[in-house]
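I opened this model to look up a few places one at a time and to write down what each of them showed. The entries below follow the order in which I went through them.

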Amino acid sequence: MLTNKNILLGVCGSIASYKSASLTRLLIKAGANVKIVMTSDACNFITPLTLSTLSKNLVLTEYFDPKTGNWNNHVELGLWADIFIIAPATANTLAKFANGICDNLLAAVYLSAKCPVYLAPAMDLDMWKHPATQKNINSLISNGNFIINPAYGELASGLTGDGRMAEPEEIIELISQELKKKLPLAGKKALVTAGPTYEAIDPVRFIGNHSSGKMGYAIAEELSALGANVTLISGPSALKLVDKNIIRIDVTSAKEMLEASVSNFPGTDISILSAAVADYRPKEVSTLKIKKDSPAFELELVKTSDILTTLGQKKKAGQILVGFALETDNEVANAIKKLEKKNLDFIVLNSLSDEGGAFKNDNNKITIIDRDHHKENFDLKPKNEVAIDICKKILDLLK
Ligand code: CTP
């Protein structure tokens with residue numbers, strides 16, 4: 001959620017200033033670009049060197065750096081930031097921010113910032129409870145700032161009460177949740193199927209296919225990046241998910257994938273079925289390994305249930321259902337037949353005749369066909385970019 005986000009961290013002078021070091025480390029670990037402004041009091045509690053080493057950027061404390069002769073442009077800094085966090089925020093700095101007092105670099109950056117501002121207060125319990133502080137807090141909230149409430153616990157004074165700065169992990173979690181709320185698919189539930197299915201012949205053999213699962217995994221990652229709560233039902237695949245928010249359900253056979261899909265389908269807003277499900281399975285599964293005694297061997301196969309058709313029959317108004325069509329001939333006509341028969345909102349056609357596309361490859365070349373049979377052709381591109389194209393179509397449908 002914080003990858004490539006420009007985060008400006010303001011650090012005030014408090015016994016909690018040491019927590020800004022772990023906050024910086026966690027922000028960097030989450031992939032953010034971090035710049036830090038400290039008040040001169042903060043430098044009495046933690047050194048700029050510690051924070052510049054962790055943030056990989058020069059830490060700023062004054063308008064003007066006498067050593068380099070550089071003017072630290074507060075307006076530029078304020079505009080650079082996607083998010084401004086002040087942690088710890090002292091009673092003094094909160095009072096300055098609430099009243100527009102601009103007597104240090106941090107306050108000037110605050111007044112210039114156009115991005116969301118998160119304040120994590122830290123102070124003694126009576127300072128926090130004081131009507132003056134509470135008045136400032138209310139005024140900061142009404143000015144659009146976000147207050148990360150201090151926690152209850154033992155304070156530096158030896159007293160116990162509200163005033164401890166929120167832990168860095170909580171700050172990161174809270175900001176990530178707030179960012180997620182603003183994403184276009186926030187609050188939407190999505191279901192994705194991916195990979196092959198294996199249909200057992202005996203304990204050691206199965207009928208399978210060459211699907212790697214790459215397309216479905218890329219779609220799941222993209223839906224989650226857009227804010228959806230994603231469940232990925234995956235056939236056997238060596239792939240790993242990057243996004244830890246995605247719920248992954250591992251299945252082996254078409255029957256298991258059907259059961260998992262049907263039980264997760266109610267309440268989903270978006271379902272994209274990209275798995276290469278086996279169309280047939282052995283009628284009987286031998287409990288023992290089949291021996292090569294006879295010169296020929298016949299295997300009776302029976303049809304598996306079509307998961308997409310099953311979900312298409314259960315689909316309610318407002319649910320978006322998307323399928324794939326893998327074709328070798330009469331591609332568009334066959335894809336349109338599947339779109340109609342399976343009650344889809346659109347179908348993603350990929351052709352085996354496109355070199356470098358579809359199965360096992362990192363790239364794919366697709367055509368999206370919608371309910372009006374309108375066709376949109378896309379270039380051969382990496383599967384994560386194909387996933388972006390598919391999700392853009394979903395966003396269009398939701399408009
Ligand atoms: N599909 C499914 N369950 C199955 C078979 C297919 O959910 N038992 C889904 C796939 O995930 C895909 C779509 O149906 O989204 C189309 O799959 P495809 O293999 O192209 O077509 P089939 O419907 O299996 O038809 P055919 O193999 O005859 O082309």
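These entries cover the ligand site, one helix and two loop residues of what is a predicted model.

**Entry 1, the ligand.** I began by asking which residues are closest to the ligand. Of the 16 residues that surround the ligand, the closest are L273, A275, F324, K338 and K342. I then checked which elements contribute to this shell, and found that α12 (307–314) and β18 (320–327) each supply at least two residues, with β18 giving the most, namely 4 residues.

For polar contacts I noted three. A polar side-chain atom of K342 lies 2.5 Å from an oxygen atom of the ligand, while a polar backbone atom of L326 is 3.0 Å from a ligand oxygen, and a backbone N or O atom of I307 is 3.0 Å from a ligand nitrogen. The ligand taken alone exposes 570 Å², of which the protein buries 77%. I also recorded that the ligand sits in the largest pocket.

**Entry 2, K315.** I next went to the loop between α12 and β18, where K315 lies. Is this lysine buried or exposed? I entered K315 as buried because its relative accessible area is 19%, and the cut-off for buried is under 20%. Setting aside residues up to four places away in sequence, I found K315 touching F265, L321, N343, L344 and D345. With N343 there is a polar contact, in which a polar atom of the K315 side chain lies 3.0 Å from the backbone oxygen of N343. I also looked at T268, which is 47 residues away from K315 along the chain, and whose C-alpha atom is 9.6 Å from that of K315.

**Entry 3, helix α1.** I listed the buried residues of α1 (residues 19–29), which are K19, S20, A21, L23, T24, L26 and L27. What do these buried residues pack against? I found β1 (6–11), β2 (33–38), α3 (48–55), β5 (83–89), β9 (160–164) and α9 (168–181) as their partners. After α1 comes G31, for which I noted a positive phi, near 95 degrees.

**Entry 4, P116.** Last, I looked up P116, which is placed in the loop between α6 (105–112) and β6 (117–121). I put P116 down as partly exposed because its relative accessibility is 32%, and partly exposed runs between the 20% and 50% cut-offs. Leaving aside neighbours within four places in sequence, P116 is in contact with D82, I83, F84 and K182. Its C-alpha atom is 9.0 Å from that of A81, although P116 and A81 are 35 residues apart in sequence.

Notes: Residues are numbered from 1 along each chain as its sequence is written. This is a predicted model: local features need pLDDT of at least 70, side-chain atom pairs count only at pLDDT 80 or more; totals for chains, interfaces and linings use all residues. Side-chain values use heavy atoms; hydrogens and water are left out. Buried means under 20% relative accessible area, exposed over 50%, partly exposed in between (1.4 Å probe, protein chains only). Contact means heavy atoms within 4.5 Å. A residue is near a molecule or strand if one of its heavy atoms lies within 4 Å of it. A polar contact is a pair of N or O atoms within 3.5 Å; within protein, one must be able to donate a hydrogen and the other to accept it, and residues adjacent in sequence count only if both atoms are side-chain atoms. Accessible areas come from the Shrake-Rupley method with a 1.4 Å probe; for residues, only the protein chains shown count as cover. On a 1 Å grid over the protein atoms alone, a cavity is a set of points where a 1.4 Å probe fits but cannot get out, and a pocket is an open set with protein on both sides within 12 Å along at least five of seven lines; lining residues have an atom within 4 Å of a point. A molecule sits in a cavity or pocket if more than half of its atoms lie within 2 Å of its grid points.
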